[in-house]
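The exercises below are meant for a reader meeting this protein for the first time. Work through each task with the sequence and the model in view, and then compare your reasoning with the solution that follows.

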Amino acid sequence: MAATAMAAAAAASRAFLRPHRCLLLPHTHPLRRRLSTNATASAPAATAASPGVVDVLMKRGLVEAITSEALAAARPGELKVYCGFDPTAESLHLGNLLGLVALSWFRRCGHTAVALIGGATGRVGDPSGKSSERPELGIAAVEGNSDAIKSLVAQILGRVPEPAHRSHSGQKELSLDNSANSSQTMGSFLILDNYDWWKDITLLDFLREVGRFARVGTMIAKESVKKRLASEDGMSYTEFTYQLLQGYDFLYMFKNMGVNVQIGGSDQWGNITAGTELIRKILQVEGAHGLTFPLLLKSDGTKFGKTEDGAIWLSSKMLSPYKFYQYFFAVPDIDVIRFMKILTFLSLDEILELEDSMKKPGYVPNTVQKRLAEEVTRFVHGEEGLEEALKATEALRPGAQTQLDAQTIEGIADDVPSCSLAYDQVFKSPLIDLAVSTGLLTSKSAVKRLIKQGGLYLNNVRIDSEDKLVEEGDIVDGKVLLLSAGKKNKMVVRIS
């Protein structure tokens with residue numbers, strides 16, 4: 001019977017993709033009843049002690065707005081929620097992290113999470129929050145980026161959560177251990193690509209069957225559109241259609257896959273409501289919902305995740321777990337608790353305890369930042385990535401007793417300044433000269449002052465003498481040196 005249903009669904013999907021086929025459903029109410037019946041039948045039994053996912057998200061500061069209060073009343077298993085990610089680069093960045101966290105919360109509350117990769121919309125570019133049109137990407141770049149992001153999202157959403165979380169009342173928010181009950185609580189997840197349905201839709205079909213239901217006045221009234229229209233560069237027709245393209249994605253998945261919720265950052269509100277309106281007008285049914293979460297900002301209002309070196313990427317190929325960990329370790333005290341609530345899955349009780357600990361005498365600075373960095377790194381890079389970050393962090397701490405090896409030093413070479421020197425330029429060279437020639441410090445006098453202050457390190461060993469020469473045993477595995485000026489400034493010296 002399940003095989004028959006799957007075959008029927010596949011046939012319906014193929015019919016929907018064929019050009020010159022009507023998208024509209026009969027204007028009757030059985031569809032609405034059928035969606036409700038199926039959702040209820042597949043949902044695990046709800047208990048009074050289990051709060052809804054919207055309630056969980058609101059308590060953690062992860063809800064900016066919702067389209068309907070009915071969303072908050074959904075029971076486990078009733079929601080199939082999607083968040084879109086356009087493949088504008090080879091990796092998602094920190095700004096996308098909230099979407100993945102929110103999807104994971106829906107999973108943890110028993111719902112189905114859908115990550116939609118914009119293989120089609122990525123070729124257009126979302127104008128939301130942008131002051132100018134995105135550079136056009138070639139087809140090969142979009143496809144390569146899409147594949148890389150699919151793999152990344154699969155790794156992040158596919159990890160099984162470990163801890164059980166408790167609410168302030170002492171009741172369990174969710175059971176997330178590896179018991180049988182946990183496997184019933186966790187929802188599934190899917191990764192889709194909107195190019196799979198857009199590739200077979202003609203412009204004339206789209207204008208006739210979707211465009212005529214969109215009101216230009218409503219589209220122009222969207223905040224993201226108004227800002228761009230008032231700007232010096234204005235907005236191209238291509239970008240103007242983006243909200244309809246994204247709205248149609250919601251319509252397509254609602255009709256063919258039962259996806260009934262779209263989530264996104266607060267700048268996506270216009271795109272989300274475009275989708276709910278299309279569903280209401282074209283399908284003549286209710287039941288499509290939207291939810292937005294706040295953008296990831298620091299307390300001063302600036303974006304969190306932007307550095308002088310560029311974006312904080314989620315892929316270890318573009319940013320090492322060590323560097324990722326260090327970014328969160330450096331979060332200011334004023335932001336750390338809020339980020340703990342929105343970016344981790346620790347219980348609110350435990351977060352409150354961490355907040356209280358920061359106010360007590362004897363609190364060790366950055367203790368809470370360390371916990372934040374560990375939790376977020378584990379979510380994004382897994383246990384192996386966290387272990388790599390912790391190992392590098394400890395090994396590269398000036399004065400650490402951890403034995404350095406060439407692999408550990410090379411592991412951070414992309415994240416700190418580095419240079420290459422010939423063996424005879426290093427062996428028997430005065431360390432003061434080497435510190436200057438590598439660019440670690442600007443002058444010999446600066447190096448001497450640092451030595452007197454106890455701040456110059458060679459391979460994490462403090463240097464107390466200005467006469468120190470580099471010996472053969474100082475060259476780690478015969479390949480590299482690590483120079484440190486204080487705790488933060490480092491220089492990796494490769495020996496050729």
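**Exercise 1. Determine in which sense strands β2 and β3 pair, and over how many bridges.**

Solution. Begin with the extents: β2 covers residues 80–85 and β3 covers residues 112–117, and the two pair in the parallel sense over six bridges. Strands here are DSSP runs of E with at least two residues, helices are runs of H or I with at least four residues, and both are numbered from the N terminus; two strands pair if DSSP finds at least two bridges between them. Next, look at individual partners: Lys80 stands opposite Thr112 in β3, and Val81 has Ala113 as its bridge partner. Finally, consider burial, where buried means under 20% relative accessible area, exposed means over 50%, and partly exposed lies in between, with a 1.4 Å probe and protein chains only. By that scale five of the six residues of β2 are buried, so that this strand is mostly covered.

The model is predicted, so local features need pLDDT of at least 70 and side-chain atom pairs count only at pLDDT 80 or more, while totals for chains, interfaces and linings use all residues. Residues are numbered from 1 along each chain as its sequence is written, and side-chain values use heavy atoms, with hydrogens and water left out.

**Exercise 2. Place β2 and β3 in their sheet, and find which helices lie across its strands.**

Solution. The sheet is open and has six strands in the order β1-β8-β7-β2-β3-β6, with mixed pairing. Its edge strands are β1 (65–66) and β6 (189–193), each of which pairs on one side only. Now turn to the helices: α12 (residues 242–257) lies across β2, β3, β6, β7 (261–265) and β8 (289–293), running at about 150° to β2. Helix α13 (residues 269–283) lies across β1, β7 and β8, and runs at about 175° to β8. These angles, from 0 to 180 degrees, are taken between N-to-C directions of axes fitted to C-alpha atoms, for helices over the stretch in contact, and contact means heavy atoms within 4.5 Å.

**Exercise 3. Describe how the rings of Tyr325 and Phe329 are arranged.**

Solution. Rings of Phe, Tyr and Trp (its six-membered ring) pair if their centres lie within 6.5 Å, and planes under 30 degrees apart count as stacked, over 60 as edge-to-face and the rest as tilted. The whole structure holds 14 aromatic pairs. Among them, Tyr325 and Phe329 are stacked, with 6.2 Å centre to centre and 15° between the planes. Both residues belong to helix α14 (residues 321–329), and because they are four residues apart they are separated by about one helical turn. Tyr325 is buried at 2% relative accessibility, whereas Phe329 is partly exposed at 28%. As a further case, the ring centres of Tyr423 and Phe427 are 5.5 Å apart and their planes are at 20°, so this pair is stacked.

**Exercise 4. Decide how far the model can be trusted by its pLDDT, the predictor's confidence in each residue from 0 to 100.**

Solution. Start from the whole protein, for which the mean pLDDT is 80 and 81% of residues reach 70 or more. Then locate the weaker stretches: pLDDT stays under 50 over residues 1–49, for which the model has 53 contacts beyond four places in sequence. Over residues 163–184 pLDDT also stays under 50, and there the model has 46 such contacts.
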